[in-house]
Amino acid sequence: MKISAEQKLGNGNRVILVKRATPNSDSEREEYLFQELRELAKAAGYLPVGELKQTRYPDSKYQLGKGKIEELAELVRSIGADKVIFYNRLSTTQLFNISEICKCQVIDKFQLILEIFAKRATTHRSKLQVELARLRYEIPRARAVVSLAKKEERAGFMGLGDYEDSYEQDLKKRIARIESELESAEKDDESLRALRHKKGFSLISLAGYTNAGKSTLFNAIVSESVDVRNMLFTTLVPTTRALDLGGRKALLTDTVGFIEDLPHWLVDAFKSTLNEIFLSDLILLVVDANEKPEMILLKLATSHDTLWDRIQGVPIITVLNKVDLVDESRLDSIMEQIGYMAPNPVFVSAKKGIGMDVLKAEIVKHLPPWCFCSLSLPNSEEGMSILSWLYDEGIVHRVEFGEQIHVDYEARTEIVNKAHALLGPKEV
Ligand SMILES: Nc1nc2c(ncn2[C@@H]2O[C@H](COP(=O)(O)OP(=O)(O)OP(=O)(O)O)[C@@H](O)[C@H]2O)c(=O)[nH]1
Ligand SMILES: [Mg+2]
């Protein structure tokens, strides 16, 4: 057990973090993820005032035994903690029993993530998404809590069965209402995406583990000032801005980050937000290079797992960020270890603006190809207006004015076809 000096600083929201040993655990990785729990607790506004870890013994059953829970209860009493946060996923029965013994609220990592998301939800849609995730999480819990209460119930407590049914039905009705509202928002998104494509924009999104530097990179390449903080899940609500790529029109979206073991109900609830990533034309997968190679691999694997089944062939550029903090020899050794998961990465420092031009060039290479074309336009008002439209929609490489206007340009296939159609086949 370790009590940090931080406990003297704050008041209220004092939490104790707990971790059970799990079978076949890789201790370094688990230690890292436990520290991540500390960061999550801070992001939710808590002050971690103590930790309790179960050591792994070769023959133990990896259960939190009665003795350990009593030790925890004693710790809660002596520190005066308001809450206990478990790193491990706990069953409702376990949460219920432990909170009875500790006499304070007990939550696990997933409820903690939900609390953070609830804090960050500023738009109507994100509030609905958080509510949906909470309700979906609540259903099995509600069942278990009611049956636990029933078990303990003395004769004479009537109507719990009715309560159980109506509560669950109420939850289900609320879920259905929110789902249908989110579905219609998703349809609006689809039309917006189609419109953006029609107008010639390629859709690019930033993805990656939380705190990798996605928002910092977003600010650096589109000259914005979205919130950047050394805190997990700073961004929840997506932001989209136009990105200047020397003539190619693109929109870049910054959105919510990933985390190890992100529960599927959370991903589902945030589907319409995550679709910004899943349904884009190109994904920039941002990775924090200033970490141990094992952790970079863990975060890359988490990101790939979240993306894999849902992106159907969308190209990915791996962007190794924060290189200002890593010297060259360390970078070489990192690449030796992670290269197979991140082929041809682009090295950048979003904070210092290093590598932005290389990244933009790489983005252009990965965008859907444009056609190179030559065109002869009538030297008339109509020809001039087509020329100005080509300037808007494509990249004009050369123009020669004579009896006719000769243009060499590059544009999307739709634009080239439309130009042909406008002029008729002979002039092309
Ligand atoms: N040294 C250094 N720090 C960086 C760089 N890029 C981002 N950071 C820092 O990393 C922290 C996280 O940055 P964000 O841009 O908020 O990260 P994010 O991926 O958007 O995080 P979430 O929205 O929380 O998922 C901040 O403290 C940034 O200042 C970089 O290139 N170099
Ligand atoms: Mg962010």
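Student: What percentage of the 428 residues in the protein chain is buried?
Tutor: Keep in mind that this is a predicted model. A residue counts as buried if 20 or more other C-beta atoms lie within 10 Å of its own. Going through the 428 residues of the protein chain that way, the buried share is 30%.

Student: OK, and how many helices and strands does the protein chain have?
Tutor: The chain is divided into four pieces: domain 1 (5-116), domain 2 (121-181), domain 3 (200-366) and domain 4 (371-427). Taking the protein chain as a whole, the tally is 14 helices and 13 strands.

Student: How far apart are the centres of domain 3 and domain 4?
Tutor: Domain 3 runs over 200-366 and domain 4 over 371-427. Take each centre over C-alpha atoms, and the separation comes to 37 Å.

Student: Which residues touch the most other members of the largest nonpolar core?
Tutor: In soluble globular proteins, nonpolar side chains tend to be buried together. Here the largest such core has 78 residues. Strand β8 (residues 282-288) gives the largest share of this core, 6 residues. The members touching the most others are Ile16, Val84 and Val319.

Student: Which residues of β8 does Val319 touch?
Tutor: Leave out anything up to four places away in sequence, and the contacts of Val319 include Leu217, Pro345, Val346, Val348 and Leu359. Strand β8 spans residues 282-288, so look for contacts numbered in that range, with strands being DSSP runs. Those are Leu284, Leu285, Val286 and Val287.

Student: How many residues are in the second, separate core?
Tutor: Among its members are Leu375, Leu390, Tyr409 and Ala419. Altogether, this second core holds 11 residues.

Student: Why are the buried residues of α3 on the same side of the helix?
Tutor: Helix α3 (residues 92-102) has Leu95, Ile98 and Cys102 as its buried residues. What covers them includes α2 (66-79), β3 (83-86) and β4 (105-108). They sit on the same side of α3 because the arc they cover around the axis is only 75°.

Student: Which residue follows α3, and is its phi positive or negative?
Tutor: Helix α3 spans residues 92-102. The residue that follows has a positive phi, near 55°, and is lysine 103.

Student: Which helix gives the largest share of the shell around ligand 1?
Tutor: There are 22 residues around ligand 1, and Gly213, Ser215, Asn230, Thr235 and Gly257 come nearest. By type, the shell divides into 6 nonpolar, 11 polar and 5 charged. The largest share, 3 residues, comes from helix α7 (residues 214-222).

Note on methods. Residues are numbered from 1 along each chain as its sequence is written. Chains are lettered from A and ligands numbered from 1 in the order in which they are written. This is a predicted model: local features need pLDDT of at least 70, side-chain atom pairs count only at pLDDT 80 or more; totals for chains, interfaces and linings use all residues. A nonpolar core is a set of buried Ala, Val, Leu, Ile, Met, Phe, Trp, Tyr and Cys residues joined through C-beta atoms within 7 Å. A residue is buried if 20 or more other C-beta atoms lie within 10 Å of its own, exposed if 12 or fewer, and partly exposed in between; C-beta atoms are placed from the backbone. Helices (H or I, at least four residues) and strands (E, at least two) are DSSP runs, numbered from the N terminus. Two residues are in contact if their C-beta atoms, placed from the backbone, lie within 7 Å. The arc is that of the directions from the helix axis to the C-beta atoms. Domain bounds come from an automatic or database domain assignment. A residue is near a molecule or strand if its C-beta atom, placed from the backbone, lies within 6 Å of it. Ala, Val, Leu, Ile, Met, Phe, Trp, Tyr, Cys and Pro count as nonpolar, Asp, Glu, Lys and Arg as charged, and the others, Gly among them, as polar.
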